[in-house]
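Walk through this structure one region at a time. Keep the sequence beside the view.

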Amino acid sequence: MSWGGTGHYKINSAVSLSFNQEMNQFSSWVETLADHASDADIRKQWDNNEAPKHYIDIDNYSEFISNGTIPQTLSGAISAHGSTFVYDNGILPWATITAYDSLKSCFERLDWDKAVLFASDLGHYVADGHMPLHITRNYDGDYTGNDGIHSRFESTMINTYISQITYSGDYIGEISDVNQYVFDYIYNNYQYVESVIAADDYATNINSDIYSSEYKSALWNYSKNFTILLFKNASHALTELIYTAWLQAGSPVMNPTGIDNPITEPTVVLQQNFPNPFSNSTKVQFSLNQNTKIILQVKDIQGNTVVEIINDVKSEGNYSFDINTENLSSGIYYLTLDTDKEHSVKQMILVR
Ligand SMILES: [Zn+2]
């Protein structure tokens with residue numbers, strides 16, 4: 001398994017939290033993504049090639065221990081270590097990238113039915129890459145005397161506390177290098193291997209009976225912050241990967257899937273600010289096709305609002321004005337426009 005069925009369902013279904021306006025056409029996917037979140041685990045039962053796709057014992061790579069990185073192509077890893085070593089230690093990052101490539105070619109072929117299934121698998125592998133015990137040789141605690149922690153953490157604990165795993169979305173952008181992106185989150189998530197082990201040590205100290213409610217709640221209390229963060233990051237990464245695959249495939253318009261999902265005209269259209277990049281001021285334009293309450297803000301890359309431009313009901317029409325950014329420092333910002341139903345984002349670059 002891997003995050004258990006409950007965890008995978010949650011991560012795949014939360015993909016829509018980060019949808020931008022362009023991705024709203026994928027709303028009809030969300031249920032399917034969730035329903036098929038564990039297909040990849042089920043395939044292990046009949047496909048012998050499937051199991052190594054769900055993990056990587058990255059700490060068996062000596063260069064990971066010394067430099068924190070490993071060869072990032074499958075062929076590079078095989079030429080450095082031999083294919084027995086590579087497959088024995090799991091091929092999760094490359095399985096993730098393969099699922100991404102398959103998704104992208106489905107978009108290119110406009111094969112929407114298959115695309116959603118590849119996106120479901122992609123979500124599964126992304127989620128596995130955010131489950132710390134799927135990226136270490138100490139995957140079941142054998143190396144540290146924490147035997148059995150794998151299912152206690154990913155299934156018993158997650159099933160008990162799933163209702164407390166709530167989070168919100170983040171801004172998405174196009175990923176410039178998908179291979180690097182996947183390896184980066186795996187390298188980064190590796191730090192939580194130690195945290196999971198520490199959580200188990202903490203909880204067994206409180207009650208050595210791993211079936212007791214004291215043990216379970218202690219495990220959760222110790223690990224909930226980083227567990228929720230890992231879930232959030234996994235859902236966000238899945239959204240960004242789907243978005244990037246779709247952009248790379250030329251942003252094809254999805255077929256309307258019947259009258260249940262009519263393509264509705266957007267209420268609001270936000271233009272890219274001009275000039276961009278800019279230094280002291282930039283022009284913002286948007287149009288409304290009905291009277292609507294809107295919130296127009298400038299946010300920093302952490303998502304903090306740095307300027308609130310409008311928070312009011314506005315009438316139908318076109319709007320254009322300059323925003324003064326003299327008080328902001330150089331960097332990337334997001335211009336966001338929200339209505340009750342829509343969320344639009346433009347990236348702005350401030351250069352002094
Ligand atoms: Zn898995």
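**From a covered helix to an open sheet**

Several elements help cover the buried residues of H9, among them helix H1 (4-13), H11 and helix H12 (213-248). This is a predicted model. Helix H9 itself spans residues 149-161. Which of its residues are buried? They are Ile149, His150, Arg152, Phe153, Glu154, Ser155, Met157, Ile158 and Tyr161. The list includes charged side chains such as Arg152 and Glu154.

Now turn to H11, one of the elements covering those residues. Helix H11 runs over residues 191-206, and tyrosine 202 sits in it. Is tyrosine 202 buried or exposed? Neither label fits: its relative accessibility is 38%, and buried means under 20% while exposed means over 50%. Tyrosine 202 therefore counts as partly exposed. Tyr202 also contributes to a nonpolar surface patch, together with Ile206 and Tyr222. That patch covers about 290 Å².

Next, the sheet. Four strands build it, and the sheet is open. Their order is S4-S3-S6-S7, with antiparallel pairing. Which strands lie at the edges? Strand S4 (305-314) and strand S7 (343-350) do, each pairing on one side only. On average, neighbouring strands of this sheet are turned by 15° against each other, direction ignored.

Look closer at the S7 edge. Strand S6 covers residues 331-338. How many bridges join S6 to S7? There are eight, and the two strands run antiparallel. For a landmark, find leucine 337: serine 344 in S7 stands opposite.

Technical notes: Residues are numbered from 1 along each chain as its sequence is written. This is a predicted model: local features need pLDDT of at least 70, side-chain atom pairs count only at pLDDT 80 or more; totals for chains, interfaces and linings use all residues. Side-chain values use heavy atoms; hydrogens and water are left out. Patches are made of residues with over 30% relative accessible area and no salt bridge: like charges are joined within 9 Å, nonpolar side chains (Val, Leu, Ile, Met, Phe, Trp, Tyr) within 5 Å. Accessible areas come from the Shrake-Rupley method with a 1.4 Å probe; for residues, only the protein chains shown count as cover. A salt bridge is a side-chain nitrogen of Lys or Arg within 4 Å of a carboxyl oxygen of Asp or Glu. Buried means under 20% relative accessible area, exposed over 50%, partly exposed in between (1.4 Å probe, protein chains only). Two strands pair if DSSP finds at least two bridges between them. Axes are lines fitted to C-alpha atoms, for helices over the stretch in contact, and angles run from 0 to 180 degrees between N-to-C directions. Contact means heavy atoms within 4.5 Å.
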